[in-house]
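Work through the exercises below with the sequence and the structure at hand. Each task is followed by a solution in steps.

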Amino acid sequence: KSFSTYLPDYVIKMFPEDISEDMCSIHENVERLVVTTEIKMTKEFDILDYKFYRSIVKSKKQFTYEEVKDIVEYNEYENDNILDSINLMYKIYKNIRNKSKLKIPELKFDETIKINYLDEIHEMIEEMMILNNRLIAEYFKKNNKIFIGRNHEEPELNDNYNLLKMVNNKFNEFNFNNINRILDIKNDNYLINLFLVQQIMPKARYNIDKDSHWGLDVKNYSHFTSP
């Protein structure tokens with residue numbers, strides 16, 4: 001089993017940098033072999049059709065999250081085509097995102113311990129990733145293909161759930177809205193709540209027989225891509 005380890009100041013990569021930062025990364029003006037997802041949508045952003053195929057991509061520009069945030073905020077960039085593409089992706093994100101999905105923040109270590117939620121630009125990329133992963137799982141399912149799903153079971157409420165109810169008034173159901181509410185930084189007990197929620201939540205696992213994801217509220221899910 002292998003994984004990347006994310007520390008406050010740096011990341012210990014799962015693969016050597018020659019692979020993770022070069023061979024398997026999309027760099028500006030460099031051709032890369034990829035698998036493309038092509039999605040056809042209505043003007044109301046309903047999905048009509050989608051397909052996957054092997055292709056070669058050459059990225060025109062490699063942005064940071066901060067650069068994209070400024071472009072979206074000020075609606076300005078020197079290349080109109082790139083500006084239009086970013087604005088379209090942002091518009092798609094605003095219309096397809098699941099506002100009620102579970103939002104588990106990350107702990108941020110500074111002078112104090114705080115929780116950190118994704119900003120809109122990070123969330124936009126996350127939603128594009130989730131959309132791709134959901135569609136590839138649906139595609140395999142429809143075509144009776146064996147694949148590795150990312151399965152997240154519905155939580156089994158245990159003693160930690162009883163503690164959660166004791167700490168939080170009017171917490172009578174373990175659902176997305178209630179969980180998101182008590183994890184808000186405005187809640188005096190948000191760090192305790194985060195710990196208890198993490199104890200209640202099962203770990204997501206890779207499985208060839210199951211691919212539903214409770215935390216993302218999707219029936220089919222696999223890991224086809226990541227941010």
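The exercises go from the whole chain to its cores and then to a surface patch.

This is a predicted model, in which local features need pLDDT of at least 70 and side-chain atom pairs count only at pLDDT 80 or more, while totals for chains, interfaces and linings use all residues. Residues are numbered from 1 along each chain as its sequence is written, and side-chain values use heavy atoms, without hydrogens and water.

**Exercise 1.** State how many helices and strands the protein has, and what share of its residues is buried.

Solution. Step one: the count is seven helices and eight strands, taken as DSSP runs (helices H or I, at least four residues; strands E, at least two) numbered from the N terminus. Step two: of the 227 residues, 31% are buried, meaning under 20% relative accessible area with a 1.4 Å probe and protein chains only.

**Exercise 2.** Describe the largest nonpolar core and the helices that supply it.

Solution. Step one: a nonpolar core joins buried Ala, Val, Leu, Ile, Met, Phe, Trp, Tyr and Cys residues through side-chain atoms within 4.5 Å. Step two: the largest has 17 residues, and L164, F171, F174, I179, V197 and W214 have the most contacts inside it. Step three: helix 5 (159-167), helix 6 (176-182) and helix 7 (190-200) each supply at least two residues of this core. Helix 7 gives the most, five residues.

**Exercise 3.** Which residues are included in the second, separate core?

Solution. This core has 13 residues, including L83, I92, I121 and M124.

**Exercise 4.** Locate I148 in the chain.

Solution. I148 lies in the loop between helix 4 (120-142) and strand 7 (149-151).

Methods. Buried < 20%, exposed > 50% of the residue type's maximum accessible area, 1.4 Å probe, protein only.
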